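Q: I would like to learn how to read buried charges and helices in a model. Where do we begin?

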Amino acid sequence: MRRIPLVLALVVIIASGCAHGPQPAPDTLAAGLASGAPAPAAPGSAPEEVRPVSDGAGAAPPQAEPAEAAEGEEDDFDYEAEPPSTAAVTIADPLEPFNRAMFTFNDRLYFWVLKPVAEGYSAVVPEPARVSVGNFFSNLRSPIRFVNCLLQAHFIGAATELFRFMINSTIGLAGLFDPAGSEEVGLLRQDEDFGQTLGVYGIGHGFYLVWPFLGPSSPRDTVGMVGDFFAYPVSYLDPWYVWTAVRGYQAINDTSLTIGDYEAIKGAALDPYVAVRNAYIQYRHMKVQERGTIGTTEPDIPGAGSPARRVRP
């Protein structure tokens, strides 16, 4: 009987403990916000991606917007090629008083003698015949072009000139016609001379020089004209007055096909002497620069149906 109160006391204690229930879990979310630690994910939710926080150093560059990226790519391809050099080529003119006197002499010679004779000649001889005469003399100048292509190591040009001479001398009836320069054959004239060859090897003009009868030149091109003279078959005609007559006729024929060109240059210039000097030096510079790269497709004589070279020496 003494154990009955003890058992009752134990039952009362156990019953009171079951009546309090389990203790609630601590509020970890509030605790985390309060301490600054990341909050745990809620049960059943997808884990949140953790992105590193950077202060900027070593960070990946921000992704450009599509429109900005497309614009950037367009800028990369939207470039302008450098234009070819248009720097003016100049030449010293220490003999300008002498050159101006020779320019005036040649100007009077043209207007008083050469042009009237050429106009009378063109009134008698039709243009196709004069073009054929120009082609004939151009064909005779083939040795000059052939030799200078070799001297400039332009072997394709030399072969072109050789075959041109063979075709025009036979099919072209001694050079009166230019079948080699037709579209079907396509052997274009290689306009080279000894003055250009000297320029190719780095020899400059030196200074400007105007010769009577021959016109604009320079010490370099004067030496070149000597070489052209000896490579031109007409120069070996004998006696001397035959050579002089042939060269005079050649000059008249060439002038008859270019009447108006000189007048246009002179009429458009404030100082015709300066205009001719600049045009000459620019033209010769261009001929040296285009060495072996550009065949002559256009006739030297406006209106001519086939290339006919204007013989200068």
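A: Begin with Glu-290. Glu-290 counts as buried because its relative accessible area is 15%. Buried means under 20% relative accessible area, exposed over 50%, and partly exposed in between, with a 1.4 Å probe and protein chains only.

Q: Before going on, what kind of model is this?

A: This is a predicted model: local features need pLDDT of at least 70, side-chain atom pairs count only at pLDDT 80 or more, and totals for chains, interfaces and linings use all residues. Residues are numbered from 1 along each chain as its sequence is written, and side-chain values use heavy atoms, with hydrogens and water left out.

Q: With which residue does Glu-290 form a salt bridge?

A: A salt bridge is a side-chain nitrogen of Lys or Arg within 4 Å of a carboxyl oxygen of Asp or Glu. Here the partner of Glu-290 is Lys-287, with the closest N and O atoms 3.0 Å apart. Lys-287 is buried too, because its relative accessible area is 6%.

Q: Which residues are joined into one network by salt bridges that share partners?

A: Asp-193, Arg-220, Asp-221 and Arg-284. Take one pair from it. The side chains of Arg-284 and Asp-193 meet at 3.1 Å, N to O. Arg-284 sits in helix H12 (residues 272–289) and Asp-193 in the loop between H7 and helix H8 (194–200), so their bridge ties together parts 91 residues apart in sequence. Helices are DSSP runs of H or I, at least four residues, numbered from the N terminus.

Q: Is that pair buried or exposed?

A: Buried. Arg-284 has a relative accessible area of 4%, and Asp-193 has 1% relative accessibility.

Q: How many salt bridges does a search of the whole structure find?

A: The search finds 13. Among them is Glu-161 with Arg-145, the closest N and O atoms being 3.1 Å apart. This pair links distant parts of the chain: Glu-161 is in helix H7 (residues 155–170) and Arg-145 in helix H6 (residues 142–151), 16 residues apart. Glu-161 counts as buried at 1% relative accessibility. Arg-145 also counts as buried, at 1%.

Q: How do I check the span of helix H10?

A: The expected span is 1.5 Å times one less than the number of residues. For the 17 residues of H10 (residues 240–256) that gives 24 Å, and the end C-alpha atoms are 25 Å apart, which agrees.

Q: What do the buried residues of H10 pack against?

A: Helix H4 (96–124) and helix H5 (127–140). The buried residues of H10 include Arg-247, Gln-250 and Asp-254. For reading such a list, an α-helix has 3.6 residues a turn, so residues three or four places apart point the same way.

Definitions and conventions: Helices (H or I, at least four residues) and strands (E, at least two) are DSSP runs, numbered from the N terminus. Contact means heavy atoms within 4.5 Å.
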